[in-house]
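User: I would like to go through this structure with you and ask how each label is earned. Could you keep to the reasoning behind the words?

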Amino acid sequence: MSKNYKLTLLSALAAALLATGVQSCKKANTAPVVNWLTPTDTTVVTLPDSIALQGTVSDDADLHELAIYMVREQTDTVLYQDIYVHGLKAYSYRANFFPDSTQTGAYMLYVSAQDHDGGSTLFTRSFTVQP
């Protein structure tokens with residue numbers, strides 16, 4: 001083997017080892033965590049009661065975006081929408097939804113969270129408003 005060939009081979013091997021080492025030291029991204037308290041899944045609310053919306057979203061790094069919205073399933077109408085957070089590690093959400101007699105039926109609650117490293121979580125919960 002020529003000296004140049006050995007040097008090239010050793011350089012390539014060193015570069016491969018270095019690349020592997022850098023990759024193995026890189027921390028894996030963990031997606032945001034949603035801990036939703038209310039409404040619980042399959043909650044039934046009877047008018048004129050309100051619905052408490054309460055939960056937390058957290059991330060091991062930083063949250064980038066958080067969207068919380070409800071969709072009335074019969075009409076696909078978005079009745080409630082809030083977009084929050086940027087750069088926080090955790091966010092607590094608390095609000096009340098006061099449906100009226102024209103807003104009865106099945107609903108889906110969606111909590112969509114993204115972090116700065118590209119991790120995302122979509123959390124869903126169903127509940128019903130009855131007259």
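User: Which residue in β3 does Thr38 stand opposite?

Analyst: Thr38 stands opposite Gln54 in β3. Please keep in mind that this is a predicted model. β1 and β3 (residues 51–58) pair in the antiparallel sense, over 5 bridges.

User: What makes β1 and β3 count as a pair of strands?

Analyst: Two strands pair if there are at least two bridges between them. β1 and β3 have 5 bridges, so they meet that cut-off.

User: What is the strand order in the open sheet, and which are its edge strands?

Analyst: The order is β1-β3-β6, 3 strands with antiparallel pairing. The edge strands are β1 (33–38) and β6 (90–97), since each pairs on one side only. From one strand to the next, the twist averages 15 degrees.

User: Why is Thr56 called partly exposed?

Analyst: Its relative accessible area is 32%. Buried would need under 20% and exposed over 50%, so a value in between is called partly exposed. Thr56 sits in strand β3.

User: Which residues is Thr56 in contact with, leaving aside its neighbours within four places in sequence?

Analyst: They are Val33, Val34, Asn35, Trp36, Tyr91 and Ser92. Take Ser92: it is 36 residues from Thr56 in sequence, yet the C-alpha to C-alpha distance is 4.3 Å.

User: Let's turn to β8. Which strands does β8 pair with, and in what sense?

Analyst: With β7 (105–115), β8 pairs in the antiparallel sense over 10 bridges. With β2 (residues 43–46), β8 runs parallel, joined by 4 bridges. Both counts satisfy the requirement of at least two bridges, so both are pairs. As examples of bridge partners in β8, Leu109 has Arg125 and Thr43 has Phe127.

User: How many residues lie between β7 and β8 in their hairpin?

Analyst: There are 4 residues between them. Gly118 in that turn has a positive phi of about 95 degrees.

User: Which side chains of β8 are buried and which are not?

Analyst: The side chains alternate along the strand. Thr121, Phe123, Arg125, Phe127 and Val129 point to one face and are buried. Ser120, Leu122, Thr124, Ser126, Thr128 and Gln130 point to the other face and are not buried.

User: Why is the ring pair of Tyr107 and Phe127 called stacked?

Analyst: A pair of aromatic rings is described by the distance of the centres and the angle of the planes. For Tyr107 and Phe127 the centres are 5.2 Å apart and the planes are at 5 degrees. Centres within 6.5 Å make a pair, and planes under 30 degrees apart count as stacked, so the name fits on both scores. Both residues are buried.

User: What does this pair tie together?

Analyst: Tyr107 lies in strand β7 and Phe127 in strand β8, so the pair ties together parts that are 20 residues apart in sequence. Ring pairs also link Phe97 with Tyr107 and Phe127 into a cluster. A search of the whole structure finds 4 aromatic pairs.

User: How many residues are in the largest nonpolar core, and which have the most contacts inside it?

Analyst: The core has 22 residues, and those with the most contacts inside it are Trp36, Leu53 and Val111. The elements giving two or more residues to the core are β1, β3, β4 (63–72), β6, β7 and β8 (120–130).

User: Now the loops. What makes Thr42 and Asp76 count as exposed?

Analyst: The cut-off is over 50% relative accessible area. Thr42 is at 60%, so it counts as exposed. Asp76 is at 62%, so it counts as exposed too. Thr42 is found in the loop between β1 and β2, and Asp76 in the loop between β4 and β5 (77–84).

User: What is notable about phi in these residues?

Analyst: Most residues other than glycine have a negative phi, and most peptide bonds are trans. Phi is positive in Thr42, near 65 degrees, and in Asp76, about 55 degrees.

User: Where are cis peptide bonds found?

Analyst: One runs from Thr38 to Pro39, with omega near 0 degrees. Another joins Leu47 and Pro48, with omega about 15 degrees. Pro39 is in the loop between β1 and β2, while Pro48 is in the loop between β2 and β3.

Key
Residues are numbered from 1 along each chain as its sequence is written. This is a predicted model: local features need pLDDT of at least 70, side-chain atom pairs count only at pLDDT 80 or more; totals for chains, interfaces and linings use all residues. Side-chain values use heavy atoms; hydrogens and water are left out. Axes are lines fitted to C-alpha atoms, for helices over the stretch in contact, and angles run from 0 to 180 degrees between N-to-C directions. A nonpolar core is a set of buried Ala, Val, Leu, Ile, Met, Phe, Trp, Tyr and Cys residues joined through side-chain atoms within 4.5 Å. Buried means under 20% relative accessible area, exposed over 50%, partly exposed in between (1.4 Å probe, protein chains only). Rings of Phe, Tyr and Trp (its six-membered ring) pair if their centres lie within 6.5 Å; planes under 30 degrees apart count as stacked, over 60 as edge-to-face and the rest as tilted. Contact means heavy atoms within 4.5 Å.
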